[in-house]
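Subject: Structure handover

Hi,

Here is the structure I said I would pass on to you. Have a look at it first, and then read on for what turned up.

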Amino acid sequence: MPDSALTPQNPEPRYSSEHAPDTRTRESLDQEVVRICRDLIRIDTTNLGSYPDAANERPAAEYVMELLQEVGLEPTMYESAPGRASVVARIEGREPSLPALVVHGHLDVVPAQAEDWSVNPFEAVIKDGMIWGRGAVDMKNMNAMIITTVRDMARRGLKPRRDLIVAFFADEEAGGEYGALWMVKNHPEVFAGATEAISEVGGYSTTINGERLYLVQTAEKGRAWGALTAHGRAGHGSAVTHENPIVHLATAIARIAGDDWPREYNEATTALLEGIAHITGTEFDPANPQPQLEALGPTVKFIANTLQTTSNPTVLKAGYKDNVIPQDAIARLDVRTLPGKHESTLERIAELAGEHVTYSIDHHRPSVSAPIDAPIFDAMRLALNRHDPGCHVLPYMLGAGTDNNALADLGINGYGFAPLLLPAELDFTGMFHGIDERVPIESITFGRAVLSEFLLDY
């Protein structure tokens with residue numbers, strides 16, 4: 001990867017000063033991005049699973065439609081099923097010969113059990129300088145940054161350099177079958193001319209050796225969600241039997257858990273660990289990356305799982321009475337695969353399941369990667385350095401998945417770039433799908449400013 005991504009930069013600004021808002025406008029935008037973020041959090045778009053009535057994103061989609069229409073934009077709403085709504089708007093660029101850029105977020109959120117939280121997860125409370133609520137991090141903060149940025153462009157009559165395709169998808173939290181995947185399959189025309197995309201889970205800062213490092217997502221692992229179904233013979237709980245499906249299932253889970261997936265590196269993980277070694281003055285040894293991983297602090301939770309395949313049981317279902325051996329037992333399995341290892345990993349899981357257990361897959365997507373040595377990466381680095389001079393910017397691979405995976409079916413390279421300057425002491429990565437999810441207000445006002453300049457001039 002280019003040396004420029006590894007070392008602190010403080011370049012001459014590439015962004016035109018005429019794009020910068022005056023003080024009054026900037027203060028108004030700061031208030032607007034907070035208001036929109038809180039409004040979106042208050043619209044409960046909980047997604048319980050990928051089936052038609054598992055969520056209702058339409059109220060949030062209607063709110064987004066109103067905000068875009070208010071400033072003269074012409075968004076379109078698409079419903080894959082009743083209530084499962086996505087919104088897309090195209091904004092004409094100054095240089096129509098350039099490929100378009102997709103800027104996207106998702107409207108749904110994972111469930112939140114209110115009794116576990118210290119605040120109402122859908123009230124969008126402001127406390128300790130932060131917005132609290134489900135979606136504050138994943139990803140209604142970025143949605144608010146996108147909306148505020150394009151509204152500002154429209155009000156001030158500014159055009160981005162290239163066409164922007166602004167999209168807000170349903171169903172990302174359950175794999176996108178009623179959101180991005182459905183849009184790509186049924187309405188590929190709305191993404192015509194696009195070659196790149198930006199979205200969530202990248203561009204956020206972490207602190208290493210007192211220096212700020214921003215992690216831009218350039219790859220994400222593949223995923224496979226499925227079931228291990230053990231078959232046996234139903235009978236009395238007092239029986240002597242070798243056909244208990246619960247035992248078969250437990251044995252299969254133990255085999256899968258005991259099969260150590262090897263550590264492997266790809267372009268993104270190698271560049272990240274080499275970059276951290278440069279920052280910390282350590283030497284990167286592929287056989288022992290611990291010095292670099294430890295330097296990441298809490299952020300290591302997002303990085304350690306990118307160095308190998310993972311296969312975790314997440315749900316168990318078996319039996320209905322103490323004195324009855326059931327006919328079947330089921331475990332749900334969440335498998336995350338490394339680039340180039342998707343099919344071989346699924347074959348290995350089926351082999352480990354054994355003769356009494358069937359492995360079936362409901363939803364799976366291979367991993368995706370985007371180029372690091374690319375103008376868009378340089379543009380993201382420059383935008384961050386303009387607002388945080390001397391910062392480091394490195395690529396990384398996400399251990400989970402985003403809607404960039406769906407857009408890859410159209411040949412669109414996806415990056416995670418939701419820029420946030422975060423306090424060193426905040427365990428930001430622990431907020432994803434976590435309890436008391438929250439984001440600092442100063443982080444999203446910073447992100448809105450960075451995103452605005454990036455979108456105007458990339």
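First, a word you'll need below: a residue is called buried when its relative accessible area is under 20%. Also bear in mind that this is a predicted model.

Let's begin with the aromatic rings. How many aromatic pairs are there? The count comes to 9. One of them joins Y204 and Y396: the ring centres are 6.2 Å apart and the planes meet at 75°, so this pair is edge-to-face. Along the chain these two residues are 192 residues apart, with Y204 in strand β8 (residues 204-208) and Y396 in strand β17 (residues 392-398). Both Y204 and Y396 are buried.

Another pair is F302 with F432. Why is this pair described as tilted? With centres 5.1 Å apart, the two rings have their planes at 40°, and planes from under 30 degrees apart count as stacked while those over 60 count as edge-to-face, so an angle in the remaining range is tilted. F302 belongs to helix α8 (residues 300-303), whereas F432 is in the loop between β18 (413-416) and β19, so the pair ties together parts of the chain 130 residues apart in sequence. By the cut-off I gave at the start, F302 and F432 are buried.

These four residues also turn up in one aromatic cluster, made up of Y204, F302, Y396, F428 and F432.

Now for the sheet. It is open and has 3 strands, in the order β4-β5-β19, with antiparallel pairing. Which strands are at the edges? They are β4 (126-127) and β19 (438-440), each of which pairs on one side only. Between β4 and β5 (residues 130-132) there are 2 bridges, again in the antiparallel sense, and M130 in β5 is the bridge partner of K127.

Two helices are worth finding here. Helix α12 (residues 441-457) packs on the sheet and touches β4, β5 and β19, its direction making about 65° with that of β19. Helix α1 (residues 23-42) lies across β4 and β5 and runs at about 15° to β5.

Last, two spots where a charged side chain meets a ring. R438 lies over the face of W132, 4.6 Å from the ring centre. The charged end of R223 sits over the ring of W225, at 5.6 Å from its centre.

Over to you now!

Note on methods: Residues are numbered from 1 along each chain as its sequence is written. This is a predicted model: local features need pLDDT of at least 70, side-chain atom pairs count only at pLDDT 80 or more; totals for chains, interfaces and linings use all residues. Side-chain values use heavy atoms; hydrogens and water are left out. Two strands pair if DSSP finds at least two bridges between them. Helices (H or I, at least four residues) and strands (E, at least two) are DSSP runs, numbered from the N terminus. Contact means heavy atoms within 4.5 Å. Axes are lines fitted to C-alpha atoms, for helices over the stretch in contact, and angles run from 0 to 180 degrees between N-to-C directions. Rings of Phe, Tyr and Trp (its six-membered ring) pair if their centres lie within 6.5 Å; planes under 30 degrees apart count as stacked, over 60 as edge-to-face and the rest as tilted. Buried means under 20% relative accessible area, exposed over 50%, partly exposed in between (1.4 Å probe, protein chains only). A charge sits over a ring if NZ of Lys or CZ of Arg is within 6 Å of the ring centre and within 35 degrees of the ring normal.
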